[in-house]
Amino acid sequence: MGGTPLPDGIKLIDENGKRLDGRRPDELRPLKIEAGVLKRANGSAYLEWGDNKVMAAVYGPRECHPRHMQDPTRALVQCHYNMASFSVDDRKRPGPDRRSQEISKIISEALTHVVFTEYFPKTSIDVYIEVLQANAGTRCAGLTAASVALADAGIPMRDLVASCAAGKIDDTVVLDLGKEEDNFGQADIPLGYIPRTDEIVLLQMDGDLTTDQFRTGLNMAVEACKKIYDLQRDALKRKYASPARGNDKDVGVN
Amino acid sequence: MSKDVMADLKRDHIMKLLSKGKRVDGRKFDEPRPLTIEKDFIKSAEGSARVHLGDTDVVVGVKLMVGQPFADTPNKGVLTTNAELKPLANESFESGPPDKRSIEVARVIDRGIREGKAVDMEKLCIEPEKEVWIMFVDVHAIDYDGNLFDAGNIAAMAALKSAVVPAKRAGKGEDYPLPVSHVPISVTAVKIGEHILVDPTYDEEIVAEARLTVATNEKGDICAMQKGGDGSLTPDEVLRVVELSRKVGADIRSKV
């Protein structure tokens, strides 16, 4: 974050107040969510958010491995966030790095808050997030997709978690940073939020913000999460309303 | 199992006191534990500090080595932060490679230093694109009674402020003090029930639903944040912790 000048004097916000991709400061990138896209998984979701492409799959509740992690009182929500080696410009070395482990941890915590874990003692609910194409905001995309996948798996939940980031570029607080804005911007605030109960379940920040700028960014991200929440619900409704796709993995084997 | 029973008992005790406006160790809700800082604790390190935050005991050593810069920052030094949560410090720590908890601690401390622009990284450039100073900040938990984020951040800042760039040893000219230009300070608070408590002890951490770490600089601006835990915070609670962090952080900064 911060400091690095943009090449060739390109500005992140032009004289008309528009951003590199033509968005207004408080405008989201186009977001599409589809629920129930994988055959094998108990629940799944696919999401395209700007140039991000993210797949989420849920397996479980199932026996918890490793066994010593078992909790006799509740299920363990274990998120595994992974970026495909081809998802970024310079090939990413496959496997978990420190960044992805941290993201897995905070997404697990955010999801644990909404799952009725006490219904499934000793089990594990495994959430796999695969980032196939990355363009800033993948943790928010991953969390948004993961909660739809959990709901698609029929796991009892208090609510869905919606997630979106705000940030600061050219001294202006904006919503949903794109890649250049993330690389050359001044701050980033990823947020995971439950609109119905006004609860924050994921929050990080890096960069440089005054308290007022933070307040503005937080409000912006909260409002965006409300919109994303509606898209998540629509995705689930679409799946279960459509007779063609149906819920075929759960019906009529015999 | 016994751990859960203990947690339940501790939770009841802590909650009962909180409802009367008290903490187990008698502190106010917005009061951090006593802080002592001992700089230059390790002779073999270029900079070091041992910090006691209540009963949490942390040693940070800073080592500097000549190495290659990253391609995208050819004229800047490199910062690497690592946290060792070794079994000597707490019964919940295990041997082996860093787990998610220690990775999170290291990355949150790193973010405070990096985003708070603590060190002028351009002054750690020896020859652009060829040679820069690689700065290793290693955080060792010696005795863990909660809030390693803040104890580690304070110790890291104190160690950086005491550090000397070993240029002579590396044949790169005269030694010079590490160019520390800002002192970002992180303050962590936890939410237990309706209460927000600054600088949690280990017991308070165990029963807490959510945690929020906020790092601020001299101007009172925010440079890094991290929420943790299975619970949630409302936007108002987040803003309250931000204010607490600015207030408590300013006090801690004057001691570093």
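**Exercise 1.** Which strands form the open sheet of eight, and in what order? Find the edge strands too, and say why one side of each has no neighbour.

*Solution.* Keep in mind that you're looking at a predicted model. Start by reading across the sheet: S7(A)-S6(A)-S8(A)-S9(A)-S12(B)-S11(B)-S9(B)-S10(B). The pairing is antiparallel.

Now look at the two ends. Strand S7 (172-175) of chain A and strand S10 (195-198) of chain B sit at the edges, and each has a single partner strand, so one side of each is left without a neighbour in the sheet.

As for the twist, neighbouring strands are turned by 20° against each other on average, if you ignore direction.

**Exercise 2.** Zoom in on two of the strand pairs: how many bridges does S9(A) share with S12(B), and how many does S9(B) share with S10(B)?

*Solution.* Begin where the chains meet. Strand S9 of chain A, residues 199-209, pairs with S12(B) over four bridges in the antiparallel sense. To find a bridge by eye, pick A:Leu209, whose partner in S12(B) is B:Ile222.

Then move to chain B's end of the sheet. Strand S9 (residues 185-192) of chain B pairs with S10(B), antiparallel and over four bridges. Here B:Val190 stands opposite B:Leu197 of S10(B).

**Exercise 3.** Which helices of chain B pack on this sheet, and what do they touch?

*Solution.* Take H3(B): this helix touches S9 and strand S11 (210-216) of chain B, and its direction makes about 170° with that of S9(B). Next comes H5(B), which touches S9 of chain A along with S9, S10, S11 and S12 of chain B. The direction of H5(B) makes about 140° with that of S9(B).

**Exercise 4.** Describe the side of chain B that touches chain A.

*Solution.* First, count: the contact takes 26 residues from chain B and 29 residues from chain A. Second, see which elements supply at least two residues each on chain B's side: helix H2 (100-115), strand S12 (222-228) and helix H5 (235-253). S12(B) gives the most, with seven residues. Third, sort that side of chain B by residue type: eleven are nonpolar, six polar and nine charged.

**Exercise 5.** Which residues touch the most other members of the largest nonpolar core?

*Solution.* The core has 146 residues, and the answer is A:Val127 and B:Ala155. Helix H3 of chain B, residues 148-162, gives the most to this core, with ten residues. Now follow B:Ala155 outwards, skipping neighbours within four places in sequence: its contacts are B:Ala49, B:Arg50, B:Val51, B:Val58, B:Val59, B:Val60 and B:Val139. As background, nonpolar side chains tend to be buried together in soluble globular proteins.

**Exercise 6.** Hunt for backbone oddities, then decide: is A:Lys122 buried or partly exposed, and is B:Asp199 buried or exposed?

*Solution.* Recall that most residues other than glycine have a negative phi, and most peptide bonds are trans.

Peptide bonds first. A cis bond joins A:Gly60 and A:Pro61, with omega about 5°; A:Pro61 is in strand S3 (residues 52-63) of chain A. Another cis bond joins A:His65 and A:Pro66, with omega about -10°. A:Pro66 lies in the loop between S3 and strand S4 (76-83) of chain A.

Then phi. A:Lys122 has a phi near 70° and lies in the loop between helix H1 (98-114) and strand S5 (123-133) of chain A. B:Asp199 has a positive phi of about 50°, in the loop between S10 and helix H4 (202-207) of chain B.

Finally, burial. A:Lys122 has 15 other C-beta atoms within 10 Å, so this residue is partly exposed. B:Asp199 has 26 C-beta neighbours inside 10 Å, so it counts as buried.

Note on methods:
Residues numbered from 1 in each chain as written. Chains lettered and ligands numbered in written order. Predicted model: local features only at pLDDT ≥ 70, side-chain atom pairs only at ≥ 80, totals over all residues. Core = buried A, V, L, I, M, F, W, Y, C linked by C-beta atoms within 7 Å. Buried ≥ 20, exposed ≤ 12 C-beta atoms within 10 Å, placed from the backbone. Contact = placed C-beta atoms within 7 Å. Nonpolar A, V, L, I, M, F, W, Y, C, P; charged D, E, K, R; others polar. Pairing = 2+ DSSP bridges. Axes fitted to C-alpha atoms, helices over the stretch in contact; angles between N-to-C directions.
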